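Biologist: I'm new to reading protein models. Could you walk me through a few features, one at a time?

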Amino acid sequence: MTDAPAVGSRVRTVFLGSGGFGVATLRVLLDHPAVELVGVVTAPPRPVGRRQIVTPTPIGLAAQERPVATILTPPRLRASDAIDAVMALRPGLAVLTDYGQIVPAAILDLEHGALNLHPSLLPRFRGATPIPATILAGDAETGVTLMQMDAGLDTGPVVAVRRTALASDERAPALEARLAAIAADLLAATLGSWVRGELPTAPQAADGVVLTRPLRREDGRLDPGRPAGDLERQVRAYEPWPGTFVDTLDGRLAILEASVAAADGSTPGTLTPAGLATAHGLLQLRRVLPAGGTPMAWDAYLRGHPTIVGSAVVPARDALR
């Protein structure tokens with residue numbers, strides 16, 4: 001439900017975002033009666049795929065579908081020319097989600113401030129990767145926080161929150177899509193009240209702060225010294241990036257789907273007919289992706305690699321040699 005329009009003129013607004021999480025939010029801003037979207041700020045186009053075709057961000061592509069007067073793609077938002085270009089649009093409000101750059105003070109200090117839609121229940125999981133962190137932690141609940149930005153990293157006061165329960169089989173792409181829809185709906189419902197000055201803010205709690213960081217490829221390595229339940233959540237949390245994998249004597253094996261079963265007495269770190277033995281329980285491998293191959297069921301992979309059963313996965317220190 002969209003909040004009622006603001007009294008008087010619509011507020012000139014800029015949207016800052018790059019990833020697909022913000023596409024639904026961008027569409028809310030294009031249609032909301034309380035604001036006039038005067039510009040979109042997103043990351044520059046970059047080479048994508050094996051053919052390295054230079055492609056706009058998901059936000060850049062979405063902005064091109066509608067009549068957005070100005071699309072800015074500064075490599076560094078804090079550069080003076082980038083700030084000047086944004087301020088030349090005479091915005092009174094900034095809305096940000098999934099942008100990935102530090103926002104300069106000139107934008108934070110707009111008449112109506114800068115709002116950020118963050119996919120976690122702040123202060124839990126501040127930073128770059130809240131959705132994978134939520135799944136990895138096994139939380140039963142998550143949500144979207146609408147906050148007024150300040151100079152800190154996701155430390156600003158809270159404007160509104162929407163909560164949602166998590167299923168035990170939640171995967172990162174599906175959860176991101178669900179939270180993106182919740183974020184857009186939350187903004188639609190609160191934006192008019194915000195620009196009219198009717199919404200109070202509340203400081204974030206001082207306890208329960210968890211800071212997340214950008215993920216690296218090596219974060220996807222499955223450690224059989226950990227419980228199988230942890231590894232199964234890792235498989236779901238790290239889809240599609242950085243993915244999860246083990247290094248075997250037959251090469252790297254990406255793990256696409258897995259489940260947890262009782263231990264069968266195999267040595268932790270050993271590959272079995274059912275999957276990977278761990279320190280606590282068995283990680284049943286269901287779908288895998290061999291290096292240079294195509295996704296397949298685990299039993300189909302074993303038919304082509306029968307000697308891998310009984311072997312141990314290669315530790316990280318050996319895989320890097």
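Modeller: Happy to! Keep in mind that this is a predicted model. Let's begin with helices: which residues in helix 1 meet which residues in helix 2?

Biologist: I'm not sure where to look. Could you show me how to read a contact like that?

Modeller: Here is the general idea: an α-helix has 3.6 residues a turn, so residues three or four places apart point the same way. In this model, Val 23, Leu 26 and Arg 27 are the residues that helix 1 brings to the contact. From helix 2, Pro 58, Ile 59, Ala 62, Ala 63 and Glu 65 meet them. By class, six of the contact residues are nonpolar, none is polar and two are charged.

Biologist: How are helix 1 and helix 2 arranged, at what angle and how far apart?

Modeller: Helix 1 covers residues 23-31 and helix 2 covers residues 58-65; the angle between them is about 30°, and their axes are 10 Å apart. Angles under 35 degrees count as roughly parallel, so helix 1 is roughly parallel to helix 2. Their crossing is right-handed.

Biologist: What does the packing of helix 1 and helix 6 look like?

Modeller: Here the angle is about 25° and the axes are 8 Å apart. Helix 1 and helix 6 are therefore roughly parallel, and this crossing is right-handed. Helix 1 contributes Ala 24, Thr 25, Val 28 and Leu 29, while the helix 6 residues include Ala 180, Leu 187 and Leu 191. The contact has nine nonpolar residues, one polar and no charged ones.

Biologist: How can I check the length of helix 6, and where does helix 6 bend?

Modeller: Count 1.5 Å a residue: the 24 residues of helix 6 (172-195) should span 34 Å, and the end C-alpha atoms are 33 Å apart, which agrees. There is a bend of about 35° at Ala 189. After helix 6 comes Gly 197, with a positive phi near 75°.

Biologist: What should I look for in the backbone of the loops?

Modeller: Look for exceptions: most residues other than glycine have a negative phi, and most peptide bonds are trans. Gln 52 has a positive phi, near 55°, and sits in the loop between strand 3 and strand 4.

Biologist: Which peptide bonds are cis?

Modeller: One joins Leu 122 and Pro 123, with omega about 15°; Pro 123 is in the loop between strand 7 and strand 8. Another runs from Trp 241 to Pro 242, with omega near 5°. Pro 242 belongs to the loop between helix 7 and strand 12.

Technical notes:
Residues are numbered from 1 along each chain as its sequence is written. This is a predicted model: local features need pLDDT of at least 70, side-chain atom pairs count only at pLDDT 80 or more; totals for chains, interfaces and linings use all residues. Side-chain values use heavy atoms; hydrogens and water are left out. Axes are lines fitted to C-alpha atoms, for helices over the stretch in contact, and angles run from 0 to 180 degrees between N-to-C directions. Helices (H or I, at least four residues) and strands (E, at least two) are DSSP runs, numbered from the N terminus. Angles under 35 degrees count as roughly parallel, over 145 as roughly antiparallel, 65 to 115 as roughly perpendicular and the rest as oblique. A crossing is left-handed if the near helix is turned anticlockwise from the far one by less than a right angle, and right-handed if clockwise. Contact means heavy atoms within 4.5 Å. Ala, Val, Leu, Ile, Met, Phe, Trp, Tyr, Cys and Pro count as nonpolar, Asp, Glu, Lys and Arg as charged, and the others, Gly among them, as polar. The expected span of a helix is 1.5 Å times one less than its number of residues. The bend at a residue is the angle between axes fitted to the seven residues ending there and the seven starting there.
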